[in-house]
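I am opening a new set of notebook entries. I will write down each thing I looked up, in the order I looked.

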Amino acid sequence: MSATDAARSRVSVVREPLRQVSGAHVLAGLRVALSWLQANQQEINDLNVFPVPDGDTGSNMYLTLRSAVEEAQHAPSPSSVDSVLAAAAHGSLMGARGNSGVILSQILRGFAQGVAAHSTIDVHGVARSFKEASAVAYRAVMKPTEGTILTVIREAAEAAVAAAEETDDIRVLLDRVVRESHAAVERTTDQLQVLRDAGVVDAGGFGLAVIFDGFTRAVNEIDGPQPAVPIPIRRPGEPPVRSPRAPDAPEVSVTGGRRGAAAVAAREEGWGYCTEFLINGPDLDVDRLRDELSGLGESALVVGDADLVRVHIHTDNPAGLIAVASQRGRLDKLKVEDMTAQHHDVLERAAPARKPLGIVSVAPASGFREILESLGADSVVLGGQTMNPSTEDLLKAVVGVNADSVILLPNNSNVILAAERVDEVAQDCAVRVVPTRNLPQGISALLAADPSAGVDDNVARMQDAITTVRAVEVTRAVRDSTANGRDIKEGDVIAIVDDDITEIGDDYLAVIEAVLTAQESRPQLVTVYRGGEVSDAVAARLVDSLRESHPDVEFELHEGGQEHYPYVLSLE
Amino acid sequence: MIHVVTDSTSDMTQEQARELGVTVVPLIVRFGEEQFRDGVDLDADAFYRRLTTGKVHPTTSQPPPEEFNAVYKALLRDPADSVVSIHISSKLSGTLQSAHLAVQELGPERIHLVDSESVSAGLQLLVRGAVDDIAHGCEPVEVVDRARELRRRIGIYVLLDTLTYLQRGGRIGRAQALVGGLLNVKPVLVVDDGEVAPQGRVRSRRQGVDMIVEQIRKRAPLRALAVFHTGAPELLGEICSRLTAAFPGTDILEGQVGPVVGAYAGPGGAGVAYEAAG
């Protein structure tokens with residue numbers, strides 16, 4: 001069944017009750033849910049609590065669900081719900097990216113557990129699997145927080161259980177789940193201070209509601225026509241949930257909205273090309289460029305201003321992409337990497353001799369990767385802010401290290417959960433995670449490593465070490481917002497100190513000065529890691545100014561190469 | 001009477017040596033063709049100036065056996081006299097080997113050699129312990145036994161500004177593990193079983209001092225502490241105030257690391273020796 005058919009289903013009036021759900025229903029539901037999620041991916045990405053341009057919840061959930069669907073399509077018995085959901089759960093675990101992706105994988109695992117040993121299920125089975133999905137998701141998170149995707153799955157499960165008392169029609173149940181999920185998403189804004197400040201709903205929760213929405217539409221359509229249920233899928237003041245190729249949705253404004261099935265198929269052929277370049281202005285229209293270019297690939301990132309736009313897209317056709325982009329401005333720093341070849345490189349690299357302990361780390365760019373390698377990381381997975389590595393990506397690196405035990409340093413708060421899943425899927429290797437939330441913590445942890453000591457000792461040393469460093473990430477706000485009661489205007493320079501926006505100002509130097517002045521305990525050493533868009537000369541001037549005003553502090557400047565954050569600093 | 005002999009790596013000032021009645025045998029420092037007796041012809045301040053500004057990297061060597069021979073002979077003029085000679089770890093220097101050759105010549109009856117299995121501040125704490133024991137009337141054999149017991153309770157941690165000097169001097173050994181790659185790191189070393197071993201690497205002095213304080217805390221209660229710097233009096237001040245807060249009431253002996261050890265440690269570092277209560 002195609003997404004077009006699903007969207008056309010609104011015309012009919014009468015429908016038969018659906019009393020049993022089979023594997024075919026679930027697979028169709030997951031496929032449509034995937035295309036709905038893809039259509040809404042950018043919108044979910046934009047629901048970032050910080051006004052910084054690295055929201056990736058939508059992309060992470062999409063890539064996770066895509067991995068689930070790919071595996072579900074090859075379930076050993078496609079007509080059986082338990083077989084299809086078990087395959088989906090496994091696929092999602094391997095493909096899990098970002099915290100929302102990991103929680104989504106746990107939700108799918110819960111569904112699979114809830115239907116275990118059943119080839120079809122009735123309303124009570126559906127309600128049971130929702131309850132299990134909620135329970136497993138809560139267990140996966142160490143400190144469950146309300147106002148997140150967890151709240152949405154819990155309220156969805158409550159709706160499913162309540163509906164199962166009143167009806168034997170699974171469609172009625174699912175409609176109610178969708179309605180209550182969206183209502184729960186609306187309420188998240190008031191449940192979490194950060195969401196209220198930012199004036200957004202929770203991105204992961206919204207993503208889950210979109211998945212239920214797409215899934216339900218598919219199930220509603222199977223076995224004949226049925227009435228369109230008026231589902232309130234519009235958030236106040238926000239664009240409606242986008243439907244893939246729905247007649248009422250503007251086709252071009254949706255990232256990759258036309259490529260739902262194609263994207264899945266492409267993955268079977270290869271991994272595409274990771275294409276990066278800068279477009280030089282003047283007079284660039286970033287929004288228009290984004291619309292033009294993001295449809296030509298996946299994981300699109302098009303950011304910048306009228307003078308300079310940075311593009312990062314995974315595409316099967318880099319030449320076509322470059323041709324389009326070069327009409328808009330002069331291209332610079334063009335880089336095309338064959339991800340299929342990279343993938344093979346990883347697989348074929350000769351295995352080094354097995355060692356007792358290895359360390360795998362994550363870095364957002366080559367500068368940080370080189371630093372981490374020079375400090376003794378056995379393997380560094382590229383990813384982080386714009387592209388969270390999946391559990392499978394991390395697993396590959398862990399296996400490549402060929403050690404009895406591996407310590408994983410995620411170096412990004414959004415990679416921690418995916419990292420924590422690696423131990424479950426790693427064979428012949430014990431994987432421990434030291435939950436480093438940023439690069440400065442990761443570097444401190446690595447410095448504390450003692451290759452001659454055991455894994456427990458090393459984990460303890462690293463955990464101690466990460467408390468001795470303070471991380472400062474400096475960027476520009478991408479929209480108006482508030483933080484800790486202060487207004488932030490689009491374009492303001494903001495400093496995020498250990499996950500909190502603490503300083504707001506007009507220029508980088510002033511904001512960094514303010515951060516340094518605000519420190520209760522004066523740092524002795526400040527390491528400045530410049531981003532990929534900051535030249536060495538510009539960063540050196542900034543560091544010289546800092547040295548002048550803080551003569552008793554030692555400053556070091558290194559190239560981190562990270563995107564989005566012109567400066568990352570560690571204070572210690 | 002029992003005489004105590006040590007070597008210049010105990011980093012005792014001439015004045016301290018006089019007060020304690022200890023004879024210090026100097027090791028040799030060379031800058032190219034120029035040769036100095038550690039602490040005699042070259043003091044610490046002049047040495048660090050030269051180390052940081054000069055082009056030639058210094059080398060060091062143990063005192064010649066004749067030096068020990070002369071010292072022992074002078075101290076043993078009276079047949080009732082004996083010598084307890086306490087020195088830098090034999091795993092770090094050939095000094096004890098030289099002393100041993102002198103003993104071969106003079107006969108072992110009245111000269112007792114002790115391997116401190118330590119250096120600098122740690123060696124000095126051990127020497128001071130022996131001086132105390134002699135003042136309390138211990139016989140030479142007792143002094144030696146007590147020193148061998150005491151050395152198990154003495155340890156030393158070292159915070160260096162850089163590994164460069166250890167590397168240049170060819171003595172990096174297991175501390176190779178602390179090399180910092182693209183970032184500047186400060187190594188923390190421990191003298192363990194007479195050898196220099198890596199303890200950890202940090203990026204700021206404060207982290208290094210924290211690490212040392214935490215390590216020493218594991219050995220509390222303490223009887224004494226000693227902090228010796230390598231041309232970095234401000235670091236010594238920082239460490240002493242941290243130690244005073246962490247171990248109130250414990251005496252802290254302050255000092256400066258001399259040329260021989262300083263040639264490997266490099267400027268900007270410090271060593272902290274502790275003596276755990278018995």
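**After helix α17**

I began just past α17(A), where the next residue is A:Asn402 with a positive phi, near 55°. The model is predicted, so I note such angles as computed values.

**Entry: burial of α17**

I then went back into the helix itself. Helix α17 of chain A spans residues 391–401, and 8 of its 11 residues are buried, so I put it down as mostly covered. I listed the buried residues as A:Thr391, A:Asp393, A:Leu394, A:Leu395, A:Ala397, A:Val398, A:Val399 and A:Val401.

Which elements of chain A cover the buried residues of α17(A)? I found that the cover includes the helices α5 (81–95) and α18. It also includes the strands β5 (355–363), β6 (379–382), β7 (403–409) and β8 (430–433) of chain A.

**Entry: α6 against α18**

Since α18 is part of that cover, I looked up its contact with α6. Two packed helices are described by the angle between their axes and the distance between the axes. For α6 (residues 98–114) and α18 (residues 416–425) of chain A, the axes come within 7 Å and cross at roughly 45°. An angle from 35 to 65 degrees falls outside the parallel and perpendicular ranges, and α6(A) and α18(A) are therefore oblique to each other.

I noted the residues on both sides. α6(A) contributes A:Gly98, A:Asn99, A:Gly101 and A:Val102, and α18(A) contributes A:Leu417, A:Ala418 and A:Arg421. By class I have 3 nonpolar, 3 polar and 1 charged in this contact.

**Entry: chain A against chain B**

Next I turned to the contact between the chains. I read 13 residues from chain A and 16 residues from chain B in it. On the side of chain A that touches chain B, α16 (366–374) and β15 (554–559) each supply at least two residues. α16(A) gives the most to that side, with 3 residues. The classes on the chain A side are 6 nonpolar, 4 polar and 3 charged residues.

For the complex, I copied the predictor's scores: an ipTM of 0.76 and a pTM of 0.69.

**Entry: chain B**

I closed with chain B taken as a whole. Its pLDDT averages 93, and 100% of the residues score at least 70. I recorded 10 helices and 13 strands in chain B. Of its 278 residues, 50% count as buried. I also looked at contacts in chain B between residues at least 6 apart in sequence, and 72% of these join residues at least 24 apart.

Note on methods. Residues numbered from 1 in each chain as written. Chains lettered and ligands numbered in written order. Predicted model: local features only at pLDDT ≥ 70, side-chain atom pairs only at ≥ 80, totals over all residues. pLDDT = per-residue confidence, 0-100. Contact = placed C-beta atoms within 7 Å. Helix = DSSP H or I, 4+ residues; strand = E, 2+ residues; numbered from the N terminus. Nonpolar A, V, L, I, M, F, W, Y, C, P; charged D, E, K, R; others polar. Buried ≥ 20, exposed ≤ 12 C-beta atoms within 10 Å, placed from the backbone. Axes fitted to C-alpha atoms, helices over the stretch in contact; angles between N-to-C directions. Parallel < 35°, antiparallel > 145°, perpendicular 65-115°, else oblique.
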